[in-house]
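Biologist: I would like a close look at a single part of this chain. Please start with the whole and then zoom in.

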Amino acid sequence: MENSRGMECRGYNGTVDGNNMTTALTSQHWSDEQLLSLLNYEGKVELVDGRLVMMAPAGSEYGDIGAFIIYRLMQHVLPRKLGRVFNSGTGYRLQSGNLRAPDASFVAAARLKGMNRLIRGFLKGSPDLAVEILSLSDS
C-alpha cells in the first residue's frame, strides 16, 4: 500500500483521528541510515518499540505555537550561551532504541562540549528539555 506521498507502507496499521493521521509500519530494527533515508517524507517520523510511526504534517495553529515556543527558548538560550534549541525535525535516539522528535527541544552546552559541529544524524540520548504540543484531540 502507498501513502499519499507515494512512499510504500508495508504492514500498514494507520488510524485517522479528526485531523491527525498516524501510520505505524511493521515492527523491525531500523538503523539510523534507514531512518535518515526517510527525510523526503513531509510529516513527522518517530520510532517507537521497533515500529515506525509516521504522522501527517500539522496545521497552522500547531505551527504557530511551535514557532513561538522555539522563539522564546532561543531568546533565553542564545544570549546566555546555554546550549542549543532544536525544532521538531530533530531526532533523539534514546537508550531504549526508540527515536523521538519532540516539537521543540533544548540540549545544554555542557553536553555538546567537544563537538566542533553538530552531527548529521540523530542526537544520542534525550534532550535536557522536550516540549510536545498537544491538540484538543490528543488524549
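How many Å² does the chain expose, and what share of that do carbon and sulfur atoms supply? After that, take me through the open sheet and the helix that packs on it.

Modeller: This is a predicted model. The chain exposes about 9,200 Å². Carbon and sulfur atoms supply 52% of that area. Of the 139 residues, 33% are buried. The chain has three helices and ten strands.

Now the sheet. It is open and has three strands, in the order E5-E8-E10. Their pairing is antiparallel. Strand E5 covers residues 83-87, and strand E10 covers 129-131. Both stand at the edges with a single partner strand each, so one side of each has no neighbour in the sheet. On average, neighbouring strands are turned by 10 degrees against each other, direction ignored.

Look at one pair. E5 and strand E8, residues 104-108, are joined by five bridges. Here phenylalanine 86 stands opposite serine 105 of E8. Helix H2, residues 60-80, packs on this sheet. H2 touches E5, E8 and E10. The direction of H2 makes about 170 degrees with that of E5.

How far can you trust this? The average pLDDT of the chain is 78, and 73% of the residues score at least 70. Confidence is highest in E10, at 98. It is lowest in strand E1, residues 15-17, at a mean of 36. Over residues 1-21 the pLDDT is below 50. Where pLDDT is low, do not read the predicted coordinates in detail.

Key
Residues numbered from 1 in each chain as written. Predicted model: local features only at pLDDT ≥ 70, side-chain atom pairs only at ≥ 80, totals over all residues. Heavy atoms only, no water. Pairing = 2+ DSSP bridges. Helix = DSSP H or I, 4+ residues; strand = E, 2+ residues; numbered from the N terminus. Axes fitted to C-alpha atoms, helices over the stretch in contact; angles between N-to-C directions. Contact = heavy atoms within 4.5 Å. pLDDT = per-residue confidence, 0-100. Buried < 20%, exposed > 50% of the residue type's maximum accessible area, 1.4 Å probe, protein only. Areas by Shrake-Rupley, 256 points an atom, 1.4 Å probe, with all protein chains shown as cover.
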